[in-house]
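Grab a pencil and work through these exercises with the model open beside you. Try each task before you read its solution.

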Amino acid sequence: MTSHHAPDPAHAFYTRRDFLSRCGMGLGATALGGLLNKAEGALNPWTPRQPQHHGKAKHVIHLFMNGGPSQVDTFDPKPLLNKYHGQALPMDYLRTERKTGAGYGSPFRFTKHGQSGLEISELFPNVAESADELCVIRSMHADVPNHEPSLLLMNCGEARLVRPSLGSWVTYGLGTENQNLPGFISMCPGGYPIQESQNWQSGFLPGSYQGTYIDTKHKEVEKLIENIRNSRLSNKQQRKQLDLVQRLNQRHLHKRQEDAQLEARVQSFELAYRMQMDATDAFDIKREPQHIRDLYGDGTQGRQMLIARRLIERGVRFVQLWHGPGQPWDNHDDIEKRHRSLAQQCDQAIGALLKDLKQRGLLDETLVMWGGEFGRTPTVELPKPGSNAGKINGRDHNHYGFSMWMAGAGVRGGHVHGATDEFGFQAVEKPVHVHDLHATILHQLGFNHEELTYRYAGRDFRLTDVHGKVVHDILA
């Protein structure tokens, strides 16, 4: 006896996972599901997780000086360069590497600060007040003197291929402490920087780990975060509406065996709903006392630095602050005028951030990092059509040696690590590659950079690829 029923059109569109679930009593799907669960982790990607070992850092604030600030004008004084001002430098490797102009002495005065006697340029008087908290790495080096690959190297550990950003790796490894705010936030006033959202991409990691972009040129919370408030529906009505949408999404997701991109979409809906209360509070700096707002200053950088502190207080894991967009620190000409102006925009705010974090006890668990994608040459930029308008008062790109500093979270304060040559061109003592910097950051967060991996396309990937070593000398 046979029975007849109408054919189900859905049966004609089996995915590979559907096929496995229907073969061999579903044993194939069982095995695949176990592998996927192991690879993807918990269903909620933001669940706080323990690191591999005890890390002193719980949060990261990355202050990105987009375009490449000059090391010899900020944190790497070179008195001999002033003696060779206007003269050819006696450096064979410099002359053979590229065509450069004469030596260009720094127009800025360096003085010693703090008990450590750390030498800092007059450009950063407020930052200098926290000199004993800073660990200045004067021997940084990258791979190429071009913005795009160097930005990606600094942010993602890879100059060409699509890879997850540092913030994405950190939130993948640790989750976040506040389920009502994104774990990774990138703030850039006035639009995207060069390479745009690639700088905070999640790459092959689940999309939920991608950085959330905030345009901090706006002051009102409603403009900082679009659609943060619903003027037509109450929270209760929104919850009912969202529950219906999520049931449909979950049904769709289940049929596709927990597809990572669909899961990221489901999580984004939930996060957007929960953010309505916490984000409104976190981004509203008017709730801060007036003396705190005065400490940071009234400019854009002061506003976003204060927001960063408020986000860290609320458990956000990784906050990146851009001085941008474009490449404002890319001063091929008028470097004295432009570097001075740029420093005035952010010096008070950075100094305030360091002091504010320390007095609240947050600096001990927050790793603060300052720098750009590379540095600048100790020689003057030669005139180029369309580049520096024939002026001879700026510096070209330089990836061979530049400075960055770190503070907080177990970093050795009041310390200088490594050195460039006597003119500030190339790292010659204790060089630190970007991969080494990333390995050290992950170490302070509690991870062995060789073991924080994600399996993709048949191999285990990591932030530092097959490179990198922890720079123990900069750790207290």
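**Exercise 1. In which loop does Pro 325 lie, and what is the peptide bond before Pro 325 like?**

Step 1: Find Pro 325 in the loop between β7 (318-323) and α13. Helices (H or I, at least four residues) and strands (E, at least two) are DSSP runs, numbered from the N terminus. This is a predicted model, in which local features need pLDDT of at least 70 and side-chain atom pairs count only at pLDDT 80 or more, while totals for chains, interfaces and linings use all residues. Residues are numbered from 1 along each chain as its sequence is written, and side-chain values use heavy atoms, with hydrogens and water left out.

Step 2: Check the bond from Gly 324 to Pro 325: omega is near 5 degrees, and the bond is cis.

Step 3: Put that in context: most peptide bonds are trans, and most residues other than glycine have a negative phi.

**Exercise 2. Where are Gln 195 and Lys 430, and what are their phi values?**

Step 1: Gln 195 is in the loop between β5 and β6. Its phi is positive, near 75 degrees, although the residue isn't glycine.

Step 2: Lys 430 sits in the loop between β14 (427-429) and β15 (432-433). Here phi is near 50 degrees, again a positive value in a residue other than glycine.

Step 3: Now look at accessibility. Buried means under 20% relative accessible area, exposed over 50%, and partly exposed in between (1.4 Å probe, protein chains only). Gln 195 has 22%, so it counts as partly exposed. Lys 430, with 45%, is partly exposed too.

**Exercise 3. Does the length of helix α12 agree or disagree with the expected span, and is α12 enclosed or open?**

Step 1: The expected span is 1.5 Å times one less than the number of residues. For the 14 residues of α12 (residues 300-313), that gives 20 Å. The end C-alpha atoms are 20 Å apart, which agrees.

Step 2: Because 12 of the 14 residues are buried, α12 is largely enclosed by the rest of the structure. Among the buried ones are Gln 301, Met 305, Arg 309 and Leu 311.

Step 3: Zoom in on Arg 310, which is in α12. Its relative accessible area is 3%, so Arg 310 is buried. Skipping residues up to four places away in sequence, Arg 310 touches Asp 281, Ala 282, Asp 284, Ile 285, Arg 287 and Glu 288; contact means heavy atoms within 4.5 Å.

Step 4: Just past α12, Gly 315 has a positive phi of about 95 degrees.

**Exercise 4. Where does α13 bend, and by how much?**

Step 1: Start with length. The 25 residues of α13 should span 36 Å, and the end C-alpha atoms are 35 Å apart, which agrees.

Step 2: Now the bend, which is the angle between axes fitted to the seven residues ending at a residue and the seven starting there. At Cys 346, α13 bends by about 35 degrees.

Step 3: After α13 comes Gly 361, with a positive phi near 75 degrees.

**Exercise 5. Which residues touch the most other members of the largest nonpolar core?**

Step 1: Know the term: a nonpolar core is a set of buried Ala, Val, Leu, Ile, Met, Phe, Trp, Tyr and Cys residues joined through side-chain atoms within 4.5 Å.

Step 2: Among its 52 residues, the answer is Leu 63, Phe 124, Met 187, Phe 283, Leu 311 and Trp 405. Helix α13 (residues 335-359) gives the largest share of this core, nine residues.

Step 3: There's also a second, separate core of 47 residues, including Trp 200 and Met 406.

**Exercise 6. How are the rings of Phe 204 and Phe 461 arranged?**

Step 1: Rings of Phe, Tyr and Trp (its six-membered ring) pair if their centres lie within 6.5 Å; planes under 30 degrees apart are stacked, over 60 edge-to-face, and the rest tilted. The whole structure has 20 aromatic pairs.

Step 2: These two ring centres are 4.9 Å apart with planes at 45 degrees, so the pair is tilted.

Step 3: Phe 204 is in the loop between β5 (184-187) and β6 (212-214) and Phe 461 is in strand β17 (residues 459-461), so the pair ties together parts 257 residues apart in sequence.
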